[in-house]
Amino acid sequence: MIRAFFLSLGDLADPAILRVFAKTIALTLMIFLLLGASLWFATRWLVIDQLGWDETAGNMAAVSGFLAMLLFGWVLFRAIAVAVLWLFGDDIVIAVERRHYPAALADAHRVAATRSLALGLRSAVRALLVNVLLIPGYVLLLVTGLGTPLLFYAANGWLLGADLGEMVAARHLMRGEMRAWRRDTRWSRWDLGVTVAALLSVPFVNLVTPMLGAAMATHMFHGRKR
């Protein structure tokens with residue numbers, strides 16, 4: 001894990017990864033803006049047009065909904081960023097493999113865009129569903145002080161470890177080999193996921209964390225094979 005982390009820090013300067021960073025940030029922010037605008041107009045439509053409340057009430061409801069989205073943004077950003085990363089994740093893995101594991105790159109197969117899109121959507125939906133289901137647990141554990149963040153990191157570490165690990169494994173393993181790989185690497189992937197989930201909670205650092213996580217997953221996958 002430590003080796004993968006420091007190798008990945010150096011990989012962030014790779015031009016190919018910087019291009020993915022720019023595309024991922026731009027697309028993630030655009031999705032956030034579209035969601036915020038959609039929520040604003042949908043709330044106003046519901047409150048004013050359907051419920052018959054006045055303009056002031058509609059604006060207050062829209063602002064409240066937008067603020068609620070921002071408060072839930074720590075989950076929403078993680079879900080959207082990783083889903084978007086699936087679209088460009090192959091480029092990060094290829095950049096890391098070209099630099100450190102050229103023999104593995106020669107034997108890899110590129111993941112189809114349709115499969116990347118499907119896996120990205122699955123990742124986002126799964127993250128949102130799991131975190132929504134855990135909201136009662138998050139609230140109940142607030143009194144413990146540490147319970148809520150520990151539950152959040154444990155759950156999202158499992159989700160992120162699965163997503164990032166499969167982003168690399170899909171290029172090198174056949175579908176029949178994935179089950180054994182998932183079983184053998186579940187704890188190392190969970191460690192990776194918890195680390196990435198913690199970094200996603202740090203302002204500004206969270207912007208580069210998806211790329212860092214993909215690079216770390218690549219180093220861990222090939223380091224284990226070695």
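Modeller: A salt bridge is a side-chain nitrogen of Lys or Arg within 4 Å of a carboxyl oxygen of Asp or Glu. Keep that cut-off in mind; the model here is predicted.

Biologist: Why is Arg 189 said to have no salt bridge?

Modeller: Set the distance against the rule. The nearest side chain of opposite charge is Glu 166, and it is 5.4 Å away. A salt bridge must be within 4 Å. Arg 189 therefore has none, although it is buried.

Biologist: What makes Glu 166 a side chain of opposite charge to Arg 189?

Modeller: Arg counts as positive and Glu as negative.

Biologist: What joins the side chains of Arg 189 and Thr 185?

Modeller: A polar contact of 2.7 Å. The limit for such a pair of N or O atoms is within 3.5 Å, so the value passes.

Biologist: Where does Arg 189 lie, and which residues does it touch?

Modeller: Arg 189 lies in helix α9, residues 175–200. Setting aside residues up to four places away in sequence, it touches Gly 157, Gly 161, Ala 162, Gly 165, Trp 181 and Arg 182. Contact here means heavy atoms within 4.5 Å.

Biologist: Arg 182 is on that list. How do you know that Arg 182 forms a salt bridge with Glu 166?

Modeller: Their closest N and O atoms are 2.9 Å apart. That is within 4 Å, so the pair qualifies. Arg 182 lies in helix α9 and Glu 166 in helix α8, residues 147–169, so the salt bridge ties together parts 16 residues apart in sequence.

Biologist: Which of the words buried and partly exposed fits Arg 182, and which fits Glu 166?

Modeller: Arg 182 has 33% relative accessibility. Buried means under 20% and exposed over 50%. So Arg 182 counts as partly exposed. Glu 166 has a relative accessible area of 8%, so it is buried.

Biologist: What else does Arg 182 touch, and how far is its C-alpha atom from that of Gly 165?

Modeller: Beyond residues up to four places away in sequence, Arg 182 touches Glu 166 and Arg 189. The C-alpha atoms of Arg 182 and Gly 165 are separated by 8.7 Å, with their positions 17 residues apart along the chain as the spacing.

Biologist: How many salt bridges does the rule give?

Modeller: The count comes to eight. One of the pairs is Lys 23 with Asp 91, whose closest N and O atoms are 3.9 Å apart. The cut-off is 4 Å, so this pair is accepted. Lys 23 lies in helix α2 (residues 15–50) and Asp 91 in helix α4 (residues 73–100), so the salt bridge ties together parts 68 residues apart in sequence.

Biologist: What makes Lys 23 and Asp 91 partly exposed?

Modeller: Lys 23 has 37% relative accessibility, and Asp 91 has 24%. Buried would need under 20%, exposed over 50%. Both values fall in between, so both residues count as partly exposed.

Biologist: Why is the pair of Asp 184 and Arg 183 called a salt bridge?

Modeller: Their closest N and O atoms are 3.7 Å apart. The rule asks for within 4 Å, so they form one. Asp 184 is partly exposed at 46%, and so is Arg 183 at 48%.

Biologist: Which residues are linked with Arg 171 in a network of salt bridges?

Modeller: Asp 90 and Glu 97. Arg 171 lies in the loop between α8 and α9. Its relative accessible area is 2%, under the 20% limit, so it is buried. Its side chain also makes a polar contact of 3.5 Å with the side chain of Asp 90. Neighbours within four places aside, Arg 171 is in contact with residues including Val 93, Ile 94, Leu 105 and His 109.

Biologist: Which residues make the nonpolar surface patch?

Modeller: Val 132, Ile 135, Val 139 and Leu 142, over about 350 Å². Patch residues need over 30% relative accessible area. Ile 135 has 36%, so it passes that test. Ile 135 lies in helix α7, residues 135–140.

Biologist: How many helices and strands does the protein have, and what share of its residues count as buried?

Modeller: It has 10 helices and zero strands. Of its 226 residues, 44% count as buried. The accessible surface comes to about 12,000 Å², and 72% of that belongs to carbon and sulfur atoms.

Technical notes. Residues are numbered from 1 along each chain as its sequence is written. This is a predicted model: local features need pLDDT of at least 70, side-chain atom pairs count only at pLDDT 80 or more; totals for chains, interfaces and linings use all residues. Side-chain values use heavy atoms; hydrogens and water are left out. Helices (H or I, at least four residues) and strands (E, at least two) are DSSP runs, numbered from the N terminus. Buried means under 20% relative accessible area, exposed over 50%, partly exposed in between (1.4 Å probe, protein chains only). A polar contact is a pair of N or O atoms within 3.5 Å; within protein, one must be able to donate a hydrogen and the other to accept it, and residues adjacent in sequence count only if both atoms are side-chain atoms. Patches are made of residues with over 30% relative accessible area and no salt bridge: like charges are joined within 9 Å, nonpolar side chains (Val, Leu, Ile, Met, Phe, Trp, Tyr) within 5 Å. Accessible areas come from the Shrake-Rupley method with a 1.4 Å probe; for residues, only the protein chains shown count as cover.
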